[in-house]
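Please look over the structure below. The report that follows covers its strands, cores and charged pairs.

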Amino acid sequence: MISHNYKAAYTNGMKLKPVLILLFLCVNVFLAKAQEQFLLTGVILDERSETFPFTSVALLQSNGDSKPLKGALSDEKGIFKLSVAPGSYILLISMVGYKSQSRNISVTGNMDLKSIVMEPDAKILAEVTVTSRKPMISRKIDRYVLNVSESILSSGRGTFELLNYAPGVVTTGNAISINGNTATKIMVNGRLLRLSGEQVQNYLTNLRSEDVESIEVIPNPGAEFEAEGGGGLINVILKKQRTGGLDGNIGLGATTPKMPSYNTSAQLNYGYKNLQLYGSYNFTKKKTTAELHDIRSQADLDYQTNINTTSSSNAHNFRTGAAYNLSKDQYIGLEFNGNFNKASLNSLSDALLNDPANNRYNRINGNFLTQTNNKTYTLSLNYDWKLDTLGSSFNLIADYTYNDRNSLGNFASHYSDQQFVPLFDSIYRNAAPVSIKNYNAAANYVKVFKNAGQLKLGLKYTATHTSNNVTYEYLADNGFINDAARSNMFKYTEKIAALYAQYNFSFGKTNIQLGLRGEHTDTKGFSVTSSQLNNRNYFNLFPSLFLKRQLNSNNTISFNYGRRLDRPTFNSLNPFEWRIDDYTYISGNPYLKPQFTNSFNLSYLYLSKYNLTLFASLTEGVFAQYLKDNGENGIVANYSWENLSSQKYYGINLYVPVTVAKWWSMVNNLMLYRNIIKFDSGESKRTIFSGKTTQNITLYQNLRMEVSALYQSKYNNSNQVFVPNYYIDLGLSNSFFKKKLTARVLITDIFDTNRSDYEIVSGNFKLLEKQKYLTRRFSLQLLYNFSLGKKPTVKKVEGGNANEKNRM
């Protein structure tokens with residue numbers, strides 16, 4: 001039985017319940033209101049209306065208290081974000097060498113302050129030397145940034161040297177790799193260079209570090225980039241310069257002692273009001289040698305040959321263009337560039353064939369001469385429209401490229417017995433003219449939102465037409481006769497339509513980028529000679545995901561995933577047979593398919609200097625020149641283009657820059673990875689280590705010494721296994737006449753240890769190839785820079801067909 005007192009208390013409690021609920025709701029509303037936060041955003045610009053990164057932003061009380069309530073730095077795009085409670089404040093923006101900007105603001109909701117322009121403080125700039133406001137290495141969501149302009153790297157170097165200071169990047173000869181992948185492509189101001197490896201090296205060597213703002217390393221490109229190319233991208237960002245004036249440079253170089261080579265270069269930029277003109281020319285005359293020793297065996301068959309080769313080339317490369325500012329936000333550009341290259345390769349061989357089963361013991365003396373004439377022209381047009389101060393833009397790109405290449409070969413083999421008694425001669429010749437036409441058009445739209453989100457949309461269409469006509473003739477009693485079995489006319493057409501979408505946004509301290517690219521490919525390969533037709537039609541999606549977590553101002557962790565492809569070169573699709581000698585040839589494959597790669601990267605950037613990267617990739621249908629067991633053909637080496645099963649590639653890369661003293665610094669790149677290649681006859685597994693160190697020593701004022709050393713353990717490619725390789729290079733450089741003249745001396749492979757030997761085992765067939773190229777060389781480079789008036793701004797005309805050009 002319930003007591004009377006309890007009933008009274010219960011009755012009173014029920015009466016108070018609405019009051020308590022109302023009071024509870026009021027308290028919660030008050031607390032929620034007190035904790036309510038709004039987003040305060042803006043973009044900081046410098047005096048030239050360019051985005052101003054890493055600028056200090058502070059929020060102060062409006063009552064005059066100078067103690068900051070909150071603070072932040074603007075990001076790489078000059079954008080800042082603060083979470084702010086409702087109220088009145090003073091926003092203070094400051095940077096050494098600039099006048100502080102302050103604004104009184106009243107926050108009642110999300111607020112976008114739009115653009116805030118910083119003005120230089122002449123008095124402070126006259127008294128203060130700004131040492132650095134950027135770390136040497138910074139991390140964007142999809143790339144590393146080596147900040148050159150405000151570091152020790154900013155003077156006295158060529159840009160090719162600078163690449164060795166970037167995370168994960170290693171240069172070997174003229175090859176450039178990211179995390180060991182040598183399929184890396186180079187861009188300048190977002191524009192892919194349409195040059196060969198040696199031409200890229202010459203161009204970047206003559207590009208002064210004083211003109212470089214930063215170098216971006218993109219190991220796994222996102223959806224906005226071409227789906228083709230699994231080796232990553234390196235983008236060299238040049239400094240923005242004032243309009244009006246003329247500048248340029250002239251370069252001379254020589255390499256000796258064996259087979260002297262020469263190169264010259266000239267570059268000129270001119271700007272007047274809204275018009276910018278530019279042009280450049282490079283000429284390289286090169287000669288080199290190689291010694292090859294080939295040992296083959298198949299059952300009782302033995303074949304050994306010694307080959308001495310001499311190669312020479314004369315290469316002319318030019319580029320000229322113009323850009324016109326239609327308004328302060330729009331410009332149009334036109335560029336024409338070309339390349340003319342004449343090359344020859346002469347090989348003298350002495351071979352011994354031992355075939356006891358057929359009672360053959362032949363000596364074979366060979367003389368093989370190949371001459372190539374290559375011409376490439378490209379015309380590019382682009383239009384760029386800056387839509388707002390946040391960075392939104394729209395651009396159009398159109399390209400046309402024509403490539404004409406003709407190769408002529410003359411081959412003579414003289415057979416004799418062991419006593420040098422002549423037996424017979426094998427004499428033949430071939431011709432391989434190639435014509436390639438490529439058309440390309442692309443449109444890209446970028447929308448930057450007030451909350452710092454960014455949307456990118458784009459589409460592209462490419463059409464390529466190729467024609468190959470390989471003719472073989474052998475010498476008979478009545479003259480040269482066409483060899484129908486080896487001659488072939490091949491026509492190939494490829495059409496690619498692509499579109500992409502990419503969105504970048506932030507969630508707290510985490511930056512996220514999602515991308516998706518779709519490409520539809522239609523190909524037709526037709527052998528006129530054999531009436532063989534091969535059509536292929538396919539559509540593929542290429543997703544990408546990037547995550548970046550800013551742990552604090554100096555430490556960042558990042559993850560990315562991407563799917564990409566590589567298409568075969570146009571020549572590798574031609575079902576031709578290209579003879580190197582009587583027992584060695586290369587054959588194309590019209591059924592060759594693209595290879596698809598899924599890549600993963602997890603990296604940690606510590607103290608904005610040291611970087612650790614875990615990487616992994618799986619490539620399906622990887623294509624390569626695969627040496628087959630020829631069975632009844634004995635010791636004939638047929639390097640055939642084939643789609644192998646797969647390739648797995650995973651490992652770790654460590655980037656460690658060290659400053660030993662004010663005059664001595666170094667950059668170390670260490671990599672350990674596992675490479676597993678599967679093919680029809682089995683698989684090739686190899687754990688590989690590579691390391692490179694670059695030592696930079698200032699001897700006296702502008703006199704600098706650079707020593708680089710590389711070691712590469714045994715590594716595999718297709719069914720080839722290469723021997724360990726190592727070498728040391730030494731360079732000296734000095735600047736004169738107020739750094740207008742730069743002189744560089746370089747000795748490559750000082751101890752002559754750089755080799756490219758490899759071994760192949762395919763069934764019962766074994767091949768050992770010992771290769772020693774001319775790698776120990778002495779070179780001298782002189783570069784003189786000049787300018788009249790203010791330095792001109794040269795807007796680089798973008799091109800969209802660099803991937804197609806690389807396949808020509």
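## Terms and model

Two strands pair if DSSP finds at least two bridges between them. Helices (H or I, at least four residues) and strands (E, at least two) are DSSP runs, numbered from the N terminus.

This is a predicted model, in which local features need pLDDT of at least 70, side-chain atom pairs count only at pLDDT 80 or more, and totals for chains, interfaces and linings use all residues. Residues are numbered from 1 along each chain as its sequence is written, and side-chain values use heavy atoms, with hydrogens and water left out.

## Overall picture

The protein has five helices and 46 strands. Of its 808 residues, 48% count as buried. Buried means under 20% relative accessible area, exposed over 50%, and partly exposed in between (1.4 Å probe, protein chains only).

The protein exposes about 38,200 Å². Carbon and sulfur atoms supply 58% of that area. Accessible areas come from the Shrake-Rupley method with a 1.4 Å probe; for residues, only the protein chains shown count as cover. Contact means heavy atoms within 4.5 Å. Among contacts between residues at least 6 apart in sequence, 65% join residues at least 24 apart.

## The mixed sheet with β35

One open sheet has four strands, in the order β30-β31-β35-β34. Its pairing is mixed. Strands β30 (577-581) and β34 (623-627) stand at the edges. Each has a single partner strand, so one side of each is left without a neighbour in the sheet. Neighbouring strands here are turned by 20° against each other on average, direction ignored. For such angles, axes are lines fitted to C-alpha atoms (for helices over the stretch in contact), and angles run from 0 to 180 degrees between N-to-C directions.

Strands β34 and β35 run antiparallel and are joined by five bridges. One pair can be named: F623 has N643 in β35 as its bridge partner.

## Nonpolar cores

A nonpolar core is a set of buried Ala, Val, Leu, Ile, Met, Phe, Trp, Tyr and Cys residues joined through side-chain atoms within 4.5 Å. The largest one has 28 residues. Y583, Y639 and L767 have the most contacts inside it. Strand β35 (residues 637-643) gives the most to this core, with three residues. A second, separate core has 27 residues, including A166, V212, L238 and Y655. In soluble globular proteins, nonpolar side chains tend to be buried together.

What does L767 touch, leaving aside its neighbours within four places in sequence? L767 is in contact with D294, I295, R296, L627, A637, Y639, Y758, E759 and I760.

## The antiparallel sheet and strand β1

A further open sheet runs in the order β3-β2-β5-β6. The pairing of its four strands is antiparallel. Strands β3 (70-73) and β6 (101-107) are the edges; each has a single partner strand, so one side of each is left without a neighbour in the sheet. The twist averages 25° from one strand to the next. Four bridges join β2 (residues 56-61) to β3. Within that pair, L59 has K70 in β3 as its bridge partner.

Strand β1 (residues 38-45) is mostly covered, with seven of its eight residues buried. Six bridges join β1 to β4 (residues 79-84), and these two run antiparallel. There, L39 stands opposite S83. With β7 (residues 111-117), β1 pairs in the parallel sense over five bridges. In that pairing, I44 stands opposite I116.

## Salt bridges

A salt bridge is a side-chain nitrogen of Lys or Arg within 4 Å of a carboxyl oxygen of Asp or Glu. The whole structure holds 17 of them. R296 pairs with D294, the closest N and O atoms being 3.0 Å apart. Both R296 and D294 are buried. Both also appear among the contacts of L767.

R704 forms a salt bridge with E706, with the closest N and O atoms 3.1 Å apart. R704 and E706 are both buried. D483 and R486 form another, at 2.8 Å between the closest N and O atoms. Is each partner buried or partly exposed? D483 is buried, with a relative accessible area of 14%. R486 counts as partly exposed, at 28% relative accessibility. Salt bridges that share partners also join E226, K460, R517, E519 and R567 into one network.
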